[in-house]
Amino acid sequence: MTDPAALRSARPLLAYSLADLEARVVELGGRAFHARVVRKAVLEQGVLEYADMTSLSADLRARLDAEIPILAAVESARTVANDGTTKLLLSFPPREGGRDKPATIEVVHMPSLKPTEEDEVGATLCVSTQAGCPVACPFCASGLAGLDRNLDAHEILEQYVRGRALGPLKRSVVMGIGEPFLNLPAVTAALDVVHDEMGLGSRKITVSTVGFPDRLHRAARDNPRYQLAISLHTPDDEQRAELVPAMAGTTVDEILEAGDDWFQQTGREVTYEYALLGGVNDSVGHVQRLAEKLRGRRCTVNVIPYNPSESLPFHRPSSAAVEAFQTRLQEAGVVATVRWSRGLDGAAACGQLRSRNLD
Ligand code: SAH
């Protein structure tokens, strides 16, 4: 194992472009094509040690090991739940010669529960884009202590590589810690590699955002290689300002219009996420007003029963209440699904492993 302190100065593998890596490998005595061999082993197979790349000479492997760390982060905790969900707590070192903060984030690997023969084998990986979050939704553990810093593209990509090392991936959701649209260049750069070199198609990658309309309008025109989920949580402007404070001043209609534009530009339907908070946004009136807003739009509402978090004053509605909310939405003509949580026993809800460790 490489000493974490030494990692701080060395540029990690995933921060190299292919061309840069080829040049460096040649400097280290290898041939240019060895760079592709290394990249392929890491990205396609999740190989995390040069020692396992046996098609390279022992000399080259030793030099690579000394000069180009494959990973940049330290794994500071790991939990494995009964359903096989693995959550890793990763700490990336400060950048800029140590002048900024380390970045502690979570990545979650969720193997399929009941793989059938038609099912592609593999797991869903949930990745983070920022250490902390500046949006500060009051029910979400990720933003409780604000933003430490954005992740670099290679730090986002490293989560995929570590996830791949736990088992094949068939799908990814960018729904971990952070707001992806506040770090979009790094997110896009990482997802391009995931798409091109790790083989996850555009429809297998979903990016979730609080939905800044101007950013959505712009991104829809850049030929995005991912599906979009927008965290709506309520049909009411006033309540949304409370639930997503960083977006006070933006109306629900403006967000839905941006979603419509996304669908028109990309041909891909938007999913609206709705974290269901008992006694807050789960009334019959909420269903009716939400259905009025969404009727006639090609979209899906994904209801997420609240994952309780210590220290937060919200509670999870009963399963019957969640099902009633879904049924009423469907009866009102809206396509609605429920996302039941995974890995609650060992891994806990989004951002909680991190906030516990930061305490
Ligand atoms: N910043 C992005 C990604 C966040 S996580 C976004 O807001 O979309 C993905 C979803 O989980 C978001 O809809 C978020 O609001 C929701 N979420 C966060 N904490 C939750 C909790 N404790 N229970 C249920 N949903 C939660």
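This report describes how two domains meet, how a ligand is surrounded, and which charged side chains pair in a predicted model.

**Domains and their interface**

The domain assignment divides the protein into domain 1, covering residues 4–67, and domain 2, covering residues 74–358. Taken over C-alpha atoms, the centres of domain 1 and domain 2 are separated by 32 Å. Where the two parts meet, 12 residues of domain 1 are in contact with 12 residues of domain 2, and the area buried between them is about 1100 Å², with carbon and sulfur atoms giving 70% of that area.

Polar links also cross this interface, since the rule finds 2 residue pairs in polar contact between domain 1 and domain 2, both at pLDDT 80 or more. The count of salt bridges between domain 1 and domain 2 is 1. On the side of domain 1 that touches domain 2, helix α3 (residues 32–45) supplies the largest share, with 5 residues. Sorted by class, that side of domain 1 holds 7 nonpolar, 2 polar and 3 charged residues.

**Surroundings of the ligand**

The ligand is surrounded by 17 residues, of which Gly-178, Ser-208, Ser-231, His-233 and Asn-307 are the closest. For three side chains, the table gives the distance from a polar side-chain atom to an oxygen atom of the ligand.

| Residue | Distance to a ligand oxygen atom |
|---|---|
| Ser-208 | 2.6 Å |
| Ser-231 | 2.5 Å |
| His-233 | 2.9 Å |

In the case of His-233, the side-chain atom concerned is an N or O atom.

**Salt bridges**

Side chains of opposite charge can pair when their charged atoms come close. By the rule applied here, the count comes to 23 salt bridges. One pair consists of Asp-152 and Arg-95, whose closest N and O atoms are 2.7 Å apart. This pair links distant parts of the chain, 57 residues apart, with Asp-152 placed in the loop between β6 (147–150) and α5 (153–166) and Arg-95 in the loop between β2 (86–92) and β3 (103–111). Another salt bridge joins the side chains of Glu-197 and Arg-39, with an N to O distance of 2.8 Å.

How values were computed: Residues numbered from 1 in each chain as written. Heavy atoms only, no water. Domains from an automatic or database assignment. Contact = heavy atoms within 4.5 Å. Buried area = accessible area lost by both parts, 1.4 Å probe. Salt bridge = Lys/Arg side-chain N within 4 Å of Asp/Glu carboxyl O. Polar contact = N/O pair within 3.5 Å; in protein donor to acceptor, adjacent residues only side chain to side chain. Helix = DSSP H or I, 4+ residues; strand = E, 2+ residues; numbered from the N terminus. Nonpolar A, V, L, I, M, F, W, Y, C, P; charged D, E, K, R; others polar. Near = heavy atom within 4 Å.
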